[in-house]
Amino acid sequence: MAPVGALPAAVAVLARAADAGASVLLSAHVQPDADALGSTLALAEGLRRRGARVTATFPGPFVLPASLAWLPGADALVPAGDVPADPDLVVGLDAADLRRLGELGPVLLAAPQSLVVDHHASNPGFGAVQLVDPEAAATVALVADLLDGLGVELDAGLATLLYAGLAADTGSFRFGNTSPATHALAARLLATGIDHARISQRLFDTAPFGWLALLGTAAGRATLERDVGAGLVWTWATVGEADDHGLAGDHLEALVDVVRSAQEADVACVLKGAADGSWNVSLRSRGGTDVSAVAIALGGGGHRMAAGFTSHLDRDGTLAAIRRCLRAGAAPEQG
Ligand code: AMP
Ligand code: MN
Ligand code: MN
């Protein structure tokens, strides 16, 4: 749970800003996913309806994956470099730490009022008002509470945004973060008449044909190391390889969802090579290992079962660091 009083305090900050017609800047985390964008766009629309002057953004690069560009209101997102100067209130959403807000981080710290809405257990706490609840399945669940607190009625447009984040962060209601509250919220959202099957298809089951070849390359290189922790399976692919298959770099994100199936390994890892030579690393656990401990130790964050970090070492150095962490600390419970 978020600390007692966190939700009323967050609602009060937002209601005050809306009632005053204040300038509110909302930012999702860098390389936003469905939860980051769904929560940002839904709260932006709710505040707009309540009378605030709202700008929604995310840190650069200002590129939206095709799987998310269709979200209602995404066309009104503004590049971080074009946001209004001196907003009255800055809200950070789904950002596990200040660095995930990139160039918007200092803007949030400098603002007269700030609010952080997040569900990462690794969140160190930043911003003047904090609604951080590691038990929330997704940041969109917290935004649903905020919209209720603001008296904004959930229509199909808002429900589409919230459903996208909820379905994405729960692995379509498969992961352990799914609770009765998750299903209760999903039921409320479906009752607005959204086309949930179409939303899921656009989010999870739509990619150019070339994605199959990229998957083949990455799956073909998968390596199993049974002796590392409770077993490690890893592979890698780069944005250059994605480009060779006619794909944007964000198509690397779904690879880990396949790699994680290997039952011999408690931890699955995909190293995604960026254009600048750095590696964005996705870690997933089958249950026995807290991968957020590994990610935090290596400068990132996340959740027990899904975490990530960015490495400026080369591929071998990055893997060596992961092996070290898994052998040392992230000692497996029986999984
Ligand atoms: P991903 O593997 O990118 O899907 O991320 C899995 C989880 O780890 C998500 O909850 C992310 O918010 C979190 N995460 C990924 N990369 C980072 C990072 N560099 N710093 C903090 N959290 C991260
Ligand atoms: Mn996210
Ligand atoms: Mn999230």
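Before we look at the ligand, one term: a strand, written E, is a DSSP run of at least two residues, and strands are numbered from the N terminus. With that in hand, please keep in mind throughout that what you see above is a predicted model.

Let me begin with the surroundings of ligand 1. Its shell is made up of 14 residues, and the closest of them are His120, Ser282, Arg284, Gly301 and Ala307. Which strand gives the largest share of that shell? The answer is E11, which contributes five residues. E11 runs over residues 306–311, and together with strand E9, residues 279–285, and strand E10, residues 301–302, it belongs to a set of strands that each supply at least two residues of the shell. If we sort the shell by the character of its residues, we find eight polar, three charged and three nonpolar.

Turning to individual atoms, histidine 120 places a polar side-chain atom 2.9 Å from an oxygen atom of ligand 1, and histidine 303 likewise has a polar side-chain atom, here at 3.2 Å from an oxygen atom of the ligand. Glycine 308 takes part through its backbone, with an N or O atom lying 3.2 Å from an oxygen atom of ligand 1. As for cover, the ligand on its own has 480 Å² of accessible area, and the protein covers 82% of that.

Let me now move to helix H5, which spans residues 156–169. Its 14 residues, at 1.5 Å a residue, should give a span of 20 Å, and because its end C-alpha atoms are indeed 20 Å apart, the expected and modelled spans agree. Is this helix mostly covered or mostly open? It is mostly covered, since 11 of its 14 residues are buried, among them Leu158, Leu161, Leu162, Tyr163, Leu166 and Asp169. The buried residues of H5 pack against four helices, namely H2 (34–49), H4 (139–150), H6 (180–190) and H7 (196–204).

Just beyond the helix, the backbone has some features worth pausing on. H5 is followed by glycine 171, whose phi is positive, near 55°. Serine 172, in the loop between H5 and H6, also has a positive phi near 55°, in this case in a residue other than glycine. Serine 172 has a relative accessible area of 34%, and because partly exposed covers values between 20% and 50%, that is the class it falls in.

On the far side of that loop we reach H6, where threonine 182 lies. At 4% relative accessibility, threonine 182 counts as buried, and its side chain reaches the backbone nitrogen of serine 179 at 2.8 Å. Setting aside neighbours within four places in sequence, threonine 182 is in contact with Ala137, Leu166, Thr170, Phe173 and Asn177; one of these, Leu166, is also on the list of buried residues of H5.

The next stop is the loop between strand E1 (23–28) and H2, where histidine 29 is found. Histidine 29 counts as buried, at 2% relative accessibility, and its side chain makes a polar contact of 3.1 Å with the side chain of aspartate 94, while a further polar contact, of 3.4 Å, joins it to the side chain of aspartate 33. How far apart in space are histidine 29 and proline 59, given that 30 residues separate them in sequence? Their C-alpha atoms are 6.7 Å apart.

Proline 32 sits in this loop between E1 and H2 as well, and with a relative accessible area of 5% it is buried. Leucine 64 is 32 residues away from proline 32 in sequence, yet the two are 7.7 Å apart in space, C-alpha to C-alpha. Not counting residues up to four places away in sequence, proline 32 touches Leu37, Phe58, Leu64, Pro65 and Leu68, and Phe58 is also among the contacts of histidine 29.

Finally, consider the loop between strand E2 (53–57) and strand E3 (89–93), which holds proline 61. The peptide bond from glycine 60 to proline 61 is cis, with omega near 0°. Aspartate 86 is found in the loop between E2 and E3 too, and its phi is near 55°, a positive value in a residue other than glycine. Is aspartate 86 buried or exposed? It is exposed, with a relative accessible area of 71%.

How values were computed:
Residues are numbered from 1 along each chain as its sequence is written. Chains are lettered from A and ligands numbered from 1 in the order in which they are written. This is a predicted model: local features need pLDDT of at least 70, side-chain atom pairs count only at pLDDT 80 or more; totals for chains, interfaces and linings use all residues. Side-chain values use heavy atoms; hydrogens and water are left out. A residue is near a molecule or strand if one of its heavy atoms lies within 4 Å of it. A polar contact is a pair of N or O atoms within 3.5 Å; within protein, one must be able to donate a hydrogen and the other to accept it, and residues adjacent in sequence count only if both atoms are side-chain atoms. Accessible areas come from the Shrake-Rupley method with a 1.4 Å probe; for residues, only the protein chains shown count as cover. Ala, Val, Leu, Ile, Met, Phe, Trp, Tyr, Cys and Pro count as nonpolar, Asp, Glu, Lys and Arg as charged, and the others, Gly among them, as polar. The expected span of a helix is 1.5 Å times one less than its number of residues. Buried means under 20% relative accessible area, exposed over 50%, partly exposed in between (1.4 Å probe, protein chains only). Contact means heavy atoms within 4.5 Å.
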